[in-house]
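Good morning, everyone, and thank you for making the time. Please have the sequence and the model open in front of you while I talk.

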Amino acid sequence: MNKKLAAAVSGGAVLMLVLSGCGGDDSDKKADAWAKKVCDQWQPELKKVEAANAEIKRVATESSKPEEVQKTDSAAFATMSESYKTMGTALQEAGVPPVKNGQATLDAAVKGFEETSKGYADLKTKMDALDAKDQTKFAEGLKELAGGLQEATKGGKDALAQLNAGGLDRAMNSQKGCQVTAPSPSPK
């Protein structure tokens, strides 16, 4: 019942994996310095998002009771909402990136992270409102939530696309703080 939700949530994890990759040369020290400021602040948030995704997958694959699924997923959505909000704030605090159209790139990226933060907060509210005592209604509610996950993560994906299009992908990819290791598949 919750596997569809877990599969959809793993799409959110992919959002952060977009930033992992190979670094380039050190030709743009300003972009590297800016990216370091951002990525150093993002690292703890990325770890929280990874852990929240892992918890959602865990309760989805362990045939957990609806009450546990609700409690776990609600907490995970709250964590993700706060993490994406913090990531947007970190971008603002780093200032305008040293790239062409830096202010527009920054504004669009911050807006995207704010949208994802709000999207996860909305999912938390919806999860909390589900009736965990009625398994059929709960399962139907989870299906609806799974459908809303793609919309919730859209802003963050757009934000990363803005940063990459702005020419910051190389600088950010070379920072350890922005690199996320893909979670290993859980044993069956």
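Before I turn to how two helices pack, I should say that a helix axis here is a line fitted to C-alpha atoms, taken over the stretch in contact, and that the angle between two axes runs from 0 to 180 degrees between their N-to-C directions. Please also keep in mind that what you are looking at is a predicted model.

Let me begin with the chain as a whole, which has 5 helices and 0 strands, so that reading along the sequence gives the pattern α-α-α-α-α. The chain has 188 residues, and 44% of them count as buried. If we take the contacts with a separation of 6 or more, 84% of them come from residues 24 or more positions apart. The accessible surface comes to about 9600 Å², and carbon and sulfur atoms account for 53% of that.

Now to the packing of two of these helices. Helix α3, which covers residues 66-94, packs with α5 at an angle of about 15 degrees, and their axes are 13 Å apart. Because angles under 35 degrees count as roughly parallel, α3 is described as roughly parallel to α5. On the α3 side the contact is made by Pro66, Val69, Gln70, Asp73, Phe77 and Leu91, while on the α5 side it is made by Gln135, Phe138, Leu142, Leu149 and Leu163. As for the handedness, α3 passes α5 in a left-handed crossing.

One of those α3 residues, Asp73, brings us to helix α2, which spans residues 29-61 and contains Asn53. Asn53 and Asp73 are 20 residues apart along the chain, and their C-alpha atoms are separated by 8.9 Å. Is Asn53 buried or exposed? Its relative accessible area is 3%, and Asn53 is therefore buried, since the cut-off for that word is under 20%.

Helix α2 also takes part in the last feature I would like to show, which is the 1 disulfide that the structure holds. Cys39 and Cys178 form this disulfide, with their sulfur atoms 2.0 Å apart. The pair links distant parts of the chain, with Cys39 in helix α2 and Cys178 in the segment after α5 (135-173), 139 residues apart. Both Cys39 and Cys178 are buried. The torsion about the S-S bond of Cys39 and Cys178 is about -90 degrees, which means that the disulfide is left-handed.

Definitions and conventions
Residues are numbered from 1 along each chain as its sequence is written. This is a predicted model: local features need pLDDT of at least 70, side-chain atom pairs count only at pLDDT 80 or more; totals for chains, interfaces and linings use all residues. Side-chain values use heavy atoms; hydrogens and water are left out. Helices (H or I, at least four residues) and strands (E, at least two) are DSSP runs, numbered from the N terminus. Buried means under 20% relative accessible area, exposed over 50%, partly exposed in between (1.4 Å probe, protein chains only). Contact means heavy atoms within 4.5 Å. Accessible areas come from the Shrake-Rupley method with a 1.4 Å probe; for residues, only the protein chains shown count as cover. A disulfide is a pair of cysteine sulfur atoms within 2.5 Å. Angles under 35 degrees count as roughly parallel, over 145 as roughly antiparallel, 65 to 115 as roughly perpendicular and the rest as oblique. A crossing is left-handed if the near helix is turned anticlockwise from the far one by less than a right angle, and right-handed if clockwise.
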